[in-house]
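Here are some notes to read with the model open beside you. I have set them out as numbered points, so feel free to take them in any order.

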Amino acid sequence: MLYREAGDFKTSYRDDSQTFPLKLDRMGYWVTLAVAFGVIPFVITDYWANAVLVPFLIYAIAALGLNILVGFGGQVSLGTGGFMAVGAYATYKLTTTFPEISLLIHILLAGGITAAVGVFFGLPSLRIKGFYLAVATLAAQFFLVWLFNKVPWFYNYSASGQITAPERTFLGYVISGPATSAPAKYLVCLAFAVALAWVARNLTRGTAGRKWMAIRDMDIAAEIIGVNPLTAKMSAFAVSSFFIGVAGALLFSIYLGAAEASETFGINKSFLVLFMVIIGGLGSIFGSFAGAAFLVVLPVFLKNVLVGAFGWPTDLAAHVELMIVGALIVFFLIVEPHGLAQLWRLTKEKLRLWPFPH
Amino acid sequence: MEQLLYASEVLVNGLMAGVMYSLVALGFVLIFKASGVFNYAQGVLALFAALTLVGIQQGQVPFAHLINAITGSHISSFGWTVPSLLAILLTALVMVGLAILIEALVLKHLVGQEPIIMFMATIGLAYFLEGLGDIMWGADVKTLDVGLPQGISDTAEAWTAALTGYGFFIDRLDIWATVIAALLVAALVAFSQYTKQGRAMRAVADDHQAALSVGISLRFIWVMVWSIAGFVALVAGIMWGTKSGVQFSLSLIALKALPVLMLGGFTSIPGAIVGGLIIGVGEKLFEFYIGPMVGGATESWFAYVLALIFLVFRPQGLFGERIIERV
């Protein structure tokens, strides 16, 4: 009886066009934020932070970025891993060169650098489309990873070829390096995720988002009605790469603490994030979070059940996981091409009508 | 002169590697032409075929690892070995069965979806098959030997030594691969030009609806095309498996086949061959001349960058049909 438009009168355009038009939705949003910021940091353990929450938030940012490009802009990219590597290595170079500047600023700058790289590799999208573009972005993936492996300047000539996050503090708390506490990791990632989700939501429902969607639905038609494909496609690549760069920077500096280009940012990373976007829902902010949560929790869950409860060897569990993920992708594409977000939307529709069937 | 001879040896080896790429690319083109599906799983099909072949040949029990984990038994093999030719035939049958399953479980439900959705479905399929192959036959690196000759060809070395005074190193397996690839292409072209099914296949490729309206069974054609692609994958799997062992990296050759396709155009069988040769030669020569200057291992990205630059100037590939877009 609570989930109703009835009686919820809008008296201004501002009210009418807000993100959550229903009161219950709005309350749910604020409660989620309050719990995320006010409760979880005090109860979080190392296991939960490292296995579930921190990777979830970081991949949610990456999925948001890729969703802007694929779901809103209609440009398929398989270069996510490479762009995350740019974010990570840019943070590393910046924070070791200018240690006195806050790491958080460096992470944002790294996002900016990734955006520039993304625009460069996005240029061919003006000429080529669809699969051709998907394969062209593979060039970014392989070239960038190779570059970070082969040019010692990027990893400060370290003998192992790895980059390691140095210790950095913010407001007196350690936020990077091996001494980082679980709540600190979690809060930094959460702050970035919430802020970027807010940016993404407002970009996609404004002029920029409408241009991207026009290009996605039919680029020639969009061009005829006055959308400039150059600026629309390049801005989609720039914003998307910014998000992905920040995700890569967080993955390296906050979560992992050390990274090696081909190990950490291989082609599998690109596919993982793409799957999150597909399972979560193309063209949906909520979907990016749902997809990231699903694919972060699934391996942990399967590992606990198969290895923990059944006592199977870990390699067998890993193969079963591959099969399940693959089958789920196919299943989702057949049953619900719009992903978890669409299921959530349908549930909400049903809720509005409940208890009546129509 | 010395340098030129080295370079031409690199060139010949590049051509041979290109033939291998072409073999994988061929499978892609077949499926793309007949169903408009860009089949990412082609590389994993090759891996799956090679794993199955080794498994049957050595009499492994399928799912042994899984059965052992559930029941606590210690079975691993039936204790017999199957002759190569029979094993290849059995594997081909398995690939046909797989094609039927894929059509019934995946493709049938996705008719009329956008191409990019189909593409993503085949990525899912690739993951599934990779897991399935590993669970069925185990994930360890296996050696595949179906009796193809391997090692340095003495004849080629003697001939080139007689001609130029410098003996080329050419793997005998590569020569065989070239011959087999040529035969395969000839057979495929003959099949699609001169048989009833081949004509039906081309009709489907041209226009699904028109083909349906003259009484061609779309589902049968799809199963057939996927079976043929499975067979091509088997051949590619045998070649690559013999060359570098049957292991996960085999499925990555699918990624290498993508730039080959982009160069040649997605719809052209000759394009797949020429594209493969260009990429094979290009990356070997680039590694030979430029590689030492930039730290080597350029083979990992050269093909993609070449294809990318090429596409900017000619988006439909060398032999592709011209893309005409309308609102």
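1. Let me begin with A:Tyr157, bearing in mind that this is a predicted model. A:Tyr157 is exposed, because just 8 other C-beta atoms lie within 10 Å and a residue counts as exposed at 12 or fewer. Its place is in the loop between H6 and E1 of chain A. Have a look at its backbone too: phi of A:Tyr157 is near 55 degrees, a positive value in a residue other than glycine.

2. A:Asn156 deserves a similar look. It has a positive phi of about 50 degrees, although it is not a glycine, and it sits in the loop between H6 and strand E1 (163-164) of chain A. A:Asn156 is exposed, with 12 other C-beta atoms within 10 Å. As background, most residues other than glycine have a negative phi.

3. What about the helix before that loop? Helix H6 of chain A covers residues 130-150, which makes 21 residues, and reaches 31 Å from its first C-alpha to its last, close to the 30 Å expected at 1.5 Å a residue. H6(A) is mostly covered, with 16 of its 21 residues buried.

4. Now to the place where the chains meet. In all, 37 residues of chain A are in contact with 43 residues of chain B. On the chain A side, H6, helix H9 (219-224), helix H12 (267-280) and helix H14 (314-335) each supply at least two residues. Which of the elements gives the most to the side of chain A that touches chain B? That is H14(A), with 13 residues. By class, this side of chain A has 31 nonpolar, three polar and three charged residues.

5. For chain A, the unreviewed UniProt entry annotates "transmembrane region" over several spans, including 101-123, 130-148 and 236-259. In the model, residues 101-123 of chain A are 87% helix and 0% strand, with end C-alpha atoms 32 Å apart. The span 236-259 of chain A is 88% helix and 8% strand, and its end C-alpha atoms lie 27 Å apart.

6. Chain B carries the annotation "transmembrane region" as well, again from an unreviewed UniProt entry, with 85-107 and 260-281 among the spans. Residues 85-107 of chain B are 91% helix and 0% strand, and the end C-alpha atoms are 31 Å apart. Please check residues 260-281 of chain B by eye: the span is 82% helix and 0% strand, yet the end C-alpha atoms are 12 Å apart.

7. As a whole, chain B has 14 helices and zero strands. Its C-alpha trace spans about 65 × 60 × 40 Å along the principal axes. The radius of gyration of chain B is 21 Å, which agrees with the value near 20 Å for a compact globule of 327 residues. Buried residues make up 44% of the 327 residues in chain B. Among contacts in chain B between residues at least 6 apart in sequence, 73% join residues at least 24 apart.

8. One last residue in chain B: is B:Val82 buried or partly exposed? It counts as partly exposed, because it has 17 C-beta neighbours inside 10 Å, where 20 or more would make a residue buried. B:Val82 is found in the loop between helix H3 (64-71) and helix H4 (84-105) of chain B. Leaving aside residues up to four places away in sequence, B:Val82 touches B:Ile56, B:Gln57, B:Gly59 and B:Ala87. The C-alpha atoms of B:Val82 and B:Gln57 are separated by 4.7 Å, though these residues are 25 residues apart along the chain.

Technical notes:
Residues are numbered from 1 along each chain as its sequence is written. Chains are lettered from A and ligands numbered from 1 in the order in which they are written. This is a predicted model: local features need pLDDT of at least 70, side-chain atom pairs count only at pLDDT 80 or more; totals for chains, interfaces and linings use all residues. Helices (H or I, at least four residues) and strands (E, at least two) are DSSP runs, numbered from the N terminus. The expected span of a helix is 1.5 Å times one less than its number of residues. UniProt positions are given in the numbering used here, feature names are shortened, and annotations may be inferred rather than shown by experiment. Two residues are in contact if their C-beta atoms, placed from the backbone, lie within 7 Å. Ala, Val, Leu, Ile, Met, Phe, Trp, Tyr, Cys and Pro count as nonpolar, Asp, Glu, Lys and Arg as charged, and the others, Gly among them, as polar. The radius of gyration is taken over C-alpha atoms; the globule rule is 2.2 Å times the number of residues to the power 0.38.
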